[in-house]
Amino acid sequence: MLKLAIIFFVISLIAGFFGFTNIAAGAKGIAKVLFFIALIIFLIVLVFGVLLGVMVF
């Protein structure tokens, strides 16, 4: 998920450099959404990992 966010970010930078502003804005929006989804999944896994670690030990 984070890999896709980085890919769309790079696409956004390249499209912005060449003047394709609509494509750059779309890729930036997709990258932002994917990044926040990856962040939320990471935080959920982190919380469950800590809770299960406390229950085991």
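Is Phe8 buried, partly exposed or exposed? I began with this residue and then worked outward to the whole chain.

**Entry 1: Phe8**

I note at the outset that the model is predicted. I located Phe8 in helix H1. Its relative accessible area came out at 25%, so I recorded Phe8 as partly exposed. I then listed the contacts of Phe8, leaving out residues up to four places away in sequence, and found Ala27, Ile30, Ala31 and Leu34. I also checked a pair along the chain: Phe8 and Gly19 are eleven residues apart in sequence, and their C-alpha atoms are separated by 16 Å.

**Entry 2: Overall form**

I looked up the secondary structure and found two helices and zero strands. I compared the radius of gyration of the protein, 17 Å, with the value near 10 Å that a compact globule of 57 residues would have. Along the principal axes, the C-alpha atoms fill a box of roughly 55 × 15 × 10 Å. I also looked up burial for the protein and noted that buried residues account for 14% of the 57 residues.

**Entry 3: The helix pair**

How are H1 and H2 oriented to each other? I took helix H1 as residues 2-18 and helix H2 as residues 21-56, and read a packing angle of about 160 degrees with the axes 8 Å apart. An angle over 145 degrees counts as roughly antiparallel, and I therefore entered H1 and H2 as roughly antiparallel to each other. The crossing in which H1 passes H2 is left-handed.

Which residues meet at this contact? On the H1 side I listed Leu2, Leu4, Ala5, Phe8, Phe9, Ile11, Ser12, Ala15 and Gly16. On the H2 side I listed Ile23, Ala24, Ala27, Lys28, Ile30, Ala31, Leu34, Phe35 and Ala38. I sorted the residues of the contact by type and obtained 15 nonpolar, two polar and one charged.

**Entry 4: Ser12**

Is Ser12 buried or exposed? I found Ser12 in helix H1. Its relative accessibility is 11%, and the limit for a buried residue is under 20%, so I entered Ser12 as buried. Setting aside neighbours within four places in sequence, I found Ser12 in contact with Ala24, Ala27 and Lys28. Those partners of Ser12 are also listed on the H2 side of the helix contact.

**Entry 5: Lys3**

I next looked up Lys3, which is found in helix H1. Its relative accessible area is 66%, so I recorded Lys3 as exposed. I then turned to its distance from Leu34: Lys3 and Leu34 are 31 residues apart in sequence, and 9.2 Å apart in space from C-alpha to C-alpha.

**Entry 6: Ala25**

I finished with Ala25, which lies in helix H2. How accessible is Ala25? Its relative accessible area is 48%, so I noted Ala25 as partly exposed. The pair of Ala25 and Ile6 is 19 residues apart along the chain, and I read a separation of 15 Å between their C-alpha atoms.

Methods. Residues numbered from 1 in each chain as written. Predicted model: local features only at pLDDT ≥ 70, side-chain atom pairs only at ≥ 80, totals over all residues. Heavy atoms only, no water. Axes fitted to C-alpha atoms, helices over the stretch in contact; angles between N-to-C directions. Helix = DSSP H or I, 4+ residues; strand = E, 2+ residues; numbered from the N terminus. Parallel < 35°, antiparallel > 145°, perpendicular 65-115°, else oblique. Left-handed = near helix turned anticlockwise from the far one by under 90°. Contact = heavy atoms within 4.5 Å. Nonpolar A, V, L, I, M, F, W, Y, C, P; charged D, E, K, R; others polar. Buried < 20%, exposed > 50% of the residue type's maximum accessible area, 1.4 Å probe, protein only. Rg over C-alpha atoms; globule rule 2.2 N^0.38 Å.
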